Amino acid sequence: MKKIIISLFSLFALSHASGTYDTYTFTDTEERYALFFVNYYTAGDIQSIGLNSTDSTNILNLRPITSLLDVANLSSTTGTDMKRIREVSHLVSIPDQNTTMTSYNALGVKVSDFNYLMALCGLLIGFIFAFALISSIQNIAKGK
């Protein structure tokens, strides 16, 4: 039982991992949104958060960026710049990326909402099967 609890704790800790870039710590969500910001926003948007034109040009030349470490390793980028990128990550909105589910979008249901509902249904069905399994094991143990 201890091994199961320790492994679940480890999985939870790894799923909420964070990265540190130029002494500023990013959560997993902040990092994802910051990556979207530096990959898809314009030079004007990057300069509007306080980065100079040299930084924005260097960031644009790095695209496509797969890790914020690439941005942090730029010679012109400082810790304050990484802090500004982290702060703007809270304002970034990532649009739905799945264009194949147009029938659901036509009904007015966002793909993320649809995914949430499907996960919730799967979770509920999983609980029903787990209850049935535990009940069966108890009945077998009682000799019924």
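**Where is Pro64?**

In which loop does Pro64 lie? Pro64 sits in the loop between α4 (53-62) and α5 (68-72). The peptide bond leading into Pro64 from Arg63 is cis, with omega near 0°.

**About the model**

This is a predicted model, in which local features need pLDDT of at least 70 and side-chain atom pairs count only at pLDDT 80 or more, while totals for chains, interfaces and linings use all residues. Residues are numbered from 1 along each chain as its sequence is written, and side-chain values use heavy atoms, with hydrogens and water left out.

**The overall layout**

Let's begin with the whole chain. Its secondary structure comes to 8 helices and 2 strands. Helices (H or I, at least four residues) and strands (E, at least two) are DSSP runs, numbered from the N terminus. Read from the N terminus on, the order of elements is α-β-β-α-α-α-α-α-α-α.

The chain has 144 residues, and 23% of them are buried. Here, buried means under 20% relative accessible area, exposed means over 50%, and partly exposed is in between (1.4 Å probe, protein chains only). The accessible surface of the chain comes to about 10,100 Å², and carbon and sulfur atoms account for 63% of that. Such areas come from the Shrake-Rupley method with a 1.4 Å probe; for residues, only the protein chains shown count as cover.

What about contacts (heavy atoms within 4.5 Å)? Among contacts with a separation of 6 or more, 53% join residues that are 24 or more positions apart.

**Inside: the nonpolar core**

In soluble globular proteins, nonpolar side chains tend to be buried together. A nonpolar core is a set of buried Ala, Val, Leu, Ile, Met, Phe, Trp, Tyr and Cys residues joined through side-chain atoms within 4.5 Å. The largest one in this structure has 19 residues, and those touching the most other members are Val38, Ile59, Leu68, Val71, Met82 and Ile85. At least two residues of this core come from each of α2 (28-40), α5 and α6 (79-88). The largest share, 5 residues, is supplied by α2.

Val71 is a good residue to look up in the 3D view. Leaving aside residues up to four places away in sequence, Val71 touches Val38, Ile59, Leu62, Ile65, Thr77, Met82 and Ile85.

**Rings in and around α2**

Now look for aromatic rings. Rings of Phe, Tyr and Trp (its six-membered ring) pair if their centres lie within 6.5 Å; planes under 30 degrees apart count as stacked, over 60 as edge-to-face and the rest as tilted. The whole structure contains 3 aromatic pairs. One of them is the tilted pair of Phe36 and Tyr40, at 4.7 Å centre to centre with 35° between the planes. Both residues belong to helix α2 and are 4 residues apart, about one turn of the helix. Phe36 is buried because its relative accessible area is 14%, whereas Tyr40 is exposed, at 59%.

Phe37 and Tyr41 make another tilted pair, 4.9 Å centre to centre and with 40° between the planes. Phe37 is buried, with just 2% relative accessible area, and Tyr41 is partly exposed, at 24%. Ring pairs link Phe36, Phe37, Tyr40 and Tyr41 into a cluster.

**Charged partners**

How many salt bridges does the structure hold? There are 2, where a salt bridge is a side-chain nitrogen of Lys or Arg within 4 Å of a carboxyl oxygen of Asp or Glu. Asp28 and Arg32 form one of them (3.7 Å, N to O), and both lie in helix α2, 4 residues apart. Asp28 is partly exposed, at 34% relative accessible area, and Arg32 also counts as partly exposed, at 44%.

Asp81 and Arg84 meet in a salt bridge as well (3.7 Å, N to O). These two are 3 residues apart in helix α6, about one turn. Asp81 is buried, with a relative accessible area of 6%, while Arg84 is partly exposed, at 29%.

**A nonpolar patch outside**

Finally, turn to the surface. Tyr116, Leu117, Met118, Leu120, Leu123, Leu124 and Phe127 form a nonpolar patch there, with about 710 Å² of accessible area together. Patches are made of residues with over 30% relative accessible area and no salt bridge: like charges are joined within 9 Å, nonpolar side chains (Val, Leu, Ile, Met, Phe, Trp, Tyr) within 5 Å. Tyr116 belongs to helix α8 (residues 111-142) and counts as exposed because its relative accessible area is 54%.

Note on methods. Contact means heavy atoms within 4.5 Å.
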